[in-house]
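The following exercises ask the reader to work through a protein model step by step. Each task is followed by its solution.

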Amino acid sequence: MDIPKRYDAKEAERRWQIFWETEGIYKFNPADTSPIYSLDTPPPTVSGEMHIGHAMAYIQADTIMRFQRMLGKSIFYPFGFDDNGLATELYVEKKTGRLAEEMSRHEFVELCLKESELAEKRLLEDWKSLGISPDWDMSYRTTNEWCRKTSQRSFIQLYNKGRAYRKYEPTVWCPKCGTAIAQVETEDKLLPSTLYDITFNVEGEDLFIATSRPELLPACVSVFYHPTDERYKRYAGKNAKVPLFGHEVPIMADEKADPESGTGIVMCCTAGDSTDVEWWKTHNLPWISVIDERGKMKAEAGKYAGLRIKNARKAIVEDLAEQGLLNDKADISHTVNVHERCGTAVEYIMTKQWFIKYLDLKDLFLEAGAKLNWYPPYMQSRYDNWVKGLKWDWCISRQRYYGISFPVWYCEDCEFEVIAGEKDLPVVPSEDAPPIDKCPKCGCDRFKPELDVLDTWATSSLTPQIAAKWQEDDSLFNRIYPMSLRSNGHDIITFWLFNTVVKGLLHENEIPWKDVIINGFVLDPKREKMSKSKGNIIKPQVSIERYSGDALRFWACSAKLGEDLPYEDKELRRGVKMINKLWNASKFTLLHLDGYDLKLDELEVTDRWLLSKLNRLIGVCTDSFNDYEFSNVKKTLENFFWHTFCDVYLEIVKDRLYTPERGEEAKRSAQYTLYVALLAMLKMMAPIMPHITEEIYHVYFAEKENCKSIHISKWPELVGSMIDETVEETGDKAEDVISAVRKYKTLNKKALNAQISRVLINCDKETEVQLESTCADLKATLHADVIEFGDAEDNIITEKYEFKLRVDW
RNA sequence: GGGCCCGUGGUCUAGUUGGUUAUGACGUCGCCUUUACGAGGCGAAGGUCAUGCGUUCGAAUCGCAUCGGGCCCA
């Protein structure tokens, strides 16, 4: 057998990745009737690089899939890119330096498609370098024909169920992007601002109201104070006159007015924030719209019409001051709800939008959350809290260019909604004709296309349906859905996970998966969140280049589910060491297995000791993988391999392998044990380190097992009869003696192979019988001429069993 | 402000249905070429388990409070 001295990870990893792909090792076989195990992977957005957080999450999920594959399941493991929506538009605009407004809609869409395809080609190489094992032939991008069809079909079916509807609503709106956005696409930012104390007038009397948004004065529709606030109770039922604009608004009491904030009395405008919207709803207030879709003041703002929001604010403040209506102003910092993608403060604008009606289904959603198996379990409460706090239906329309079209046209006269036929999907209403000639309601024959596009989550919430060929291949879909597993970041439980549950329930009346694993974040070595501005980003490609993919995988598996993992170079270096150790230990083992025929007479005690422990290990690793505790597999396996197998067992059996005088039987017993143990350890390590284990497997075991790849070989079976408590105790006692003598040699500055003339062991009779049975191995390992039992003045006491020993040089 | 999670040697971490001396790794120090590996082996030092109170025969583990950190939501 010719085994190279060194293992070249960089060369080998590329070689095996190509081998797996060309040999179709991970291909899904629809004809395979084994139970299916499926994974709903997050399609990464093409707008960014693959970052270290992606790497961790994909690797963790991949270990599970590799484990399940070795259990003999039929693996359904798709991979997709999300190149849909606003994120891609912004990426393309930034990359090409051209704005969507500068060209025709068609041109911009083509540009986005072209750029995202380029990005995907580049990104795909990054993802493959992680050594993950999806069936690449099942790859998709969310803008391809099939996804567009699926997404539009979902919309049409929800429309037919009365779940999709269109209406005027105050909508969270980004004036910079000029689009409606979802609640979840906003975030709160602490920003500096000015609080203006403005003079209103109540029956000739001054009333001071504090606001940071005086430009909304024309949209003021009422004034609120807290019901218990004695200062303002006397105003109940009266009207306040709005300065500069002169209209009168009612003064009312409401719990949501904070007596501590500003002057304790607050104006309600349509609409500065979500509280304004709530007041508008609960108190049936009129809606005055003063800001347009692009953040300019409308005609309702009178002389300020046409000004941008900030300029209008400035002008109004100046006018107030001039007229003596500005009582006071103070610099403050307060939280502002901004669009997370561009940082612009959001507005609430009254527009016609498409919604998915689901507020009536909260109980159903909570039930679904309870049906899912959450790993870790406490993540369910994030989902629950989100569902309980929902206030609006799901707004699914976006006023953008690049995205999946609504399959909808409107009658130009009566706004009648014309929906595409499912057989015509996918459609682009701005380019395709509607399925009817005349409006069934008014007879008009002119139609206008819906130009809005679907929210990107409206599509990515269909990943199970997209992957499993929903309503295209029923037999496949029925076998796949609900899927076995969803892998999800904890930051997107409230959108990607929740929205997928919503679609699953609305379409299939069933939860989309059985199990959900939630992975944590990767932090920088100082345990701080990585961000571009801090400059502490770690690129996985650099880590792979420097330490290898297996080393990165080894690191990624050290975090438990849900837990954040700090990135540390030393942990990657440990992975490199592990690869090296696996290589060297295997090299040694396999050299001694050359020509071995797997024949066995009887096992030596120390061999039975190792095999007993090995079978326990198999039990632990199998259970841990089944519970998605890959970090426990990694830790337990690493410790067993390194310490028990390499440091103790290999040293014990060397003599039997090298010294013919020990006898053929003793050698064969060692060979059998080495074969079984190394093979089992490699297989259990394979999901974590797929390349090095494959390399070693092919040096020897592939031929023996007649199997093309370790990753489709059989997972080690726990043989209960091999677990033997007595043998384990015997071996543990021998190990205790070995480590005591090693310690003695070290303390006396002797080499571990220094010869000793005698070891005298003072122990009870039972132990004596036990140790006797390992005497030949003990003598060889300790390099002792004789081992004797009996009373004597001791010079060492063992750690674990506290035997008294005497070592004579 | 609400919800959830986390605080264990210098650093990262195991252990959390209460029960011997709290696990392992990195780092530090000392010793050693075990016919696989010096990218290795053997060993040493280093922890009042964030703090306080409580429950208990017994608490890293359970309860309460405080302090600190993180994530999500408002």
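**Exercise 1.** State which residues W127 touches, leaving aside residues up to four places away in sequence.

*Solution.* The model is a predicted one. Contact here requires heavy atoms within 4.5 Å. With residues up to four places away in sequence left out, W127 touches P44, M50, H54, Y58, F79, F81, I132 and W136.

Next, place W127 in its setting. The largest nonpolar core has 135 residues, and W127 is among those that touch the most other members, together with L130, W555, F645 and L782. Helix α18 (residues 630-658) supplies the largest share of this core, 13 residues. A further core of 59 residues lies apart from it; A368, Y481, F495 and L505 are among its residues. As a general background, nonpolar side chains tend to be buried together in soluble globular proteins.

**Exercise 2.** Determine whether the residues of strand β1 (residues 36-40) are buried or exposed, and examine both faces of β1.

*Solution.* Begin with the cut-off: a residue is buried if its relative accessible area is under 20%. Five of the five residues of β1 are buried, and therefore the strand is largely enclosed by the rest of the structure.

Then separate the faces. In a regular strand, side chains alternate between the two faces of the sheet. On one side of β1 lie I36, S38 and D40, and on the other Y37 and L39; all of them are buried, so that both faces are covered.

**Exercise 3.** Identify the strands that pair with β1 and the sheet that results.

*Solution.* First, β1 pairs in the parallel sense with strand β2 (residues 74-76) over three bridges, and Y37 stands opposite I75 in β2. Secondly, two bridges join β1 to strand β22 (residues 483-489), again running parallel; here L39 stands opposite L485.

Thirdly, assemble the sheet. It is open, has five strands with parallel pairing, and follows the order β2-β1-β22-β23-β15. Its edge strands are β2 and β15 (373-375), each of which pairs on one side only. Neighbouring strands are turned by 20 degrees against each other on average, direction ignored.

Finally, add the helices. Helix α2 packs on the sheet and touches β1, β2, β22 and β23 (513-519), its direction making about 175 degrees with that of β1. Helix α13 (residues 493-508) also packs on the sheet, touching β1, β15, β22 and β23, and its direction makes about 155 degrees with that of β22.

**Exercise 4.** Which handedness has the β-α-β unit made by β1, α2 and β2?

*Solution.* β1, helix α2 (residues 52-70) and β2 make a right-handed unit.

Note on methods: Residues numbered from 1 in each chain as written. Chains lettered and ligands numbered in written order. Predicted model: local features only at pLDDT ≥ 70, side-chain atom pairs only at ≥ 80, totals over all residues. Heavy atoms only, no water. Buried < 20%, exposed > 50% of the residue type's maximum accessible area, 1.4 Å probe, protein only. Helix = DSSP H or I, 4+ residues; strand = E, 2+ residues; numbered from the N terminus. Pairing = 2+ DSSP bridges. Right-handed = clockwise from strand over helix to strand, strands pointing away. Axes fitted to C-alpha atoms, helices over the stretch in contact; angles between N-to-C directions. Core = buried A, V, L, I, M, F, W, Y, C linked by side-chain atoms within 4.5 Å.
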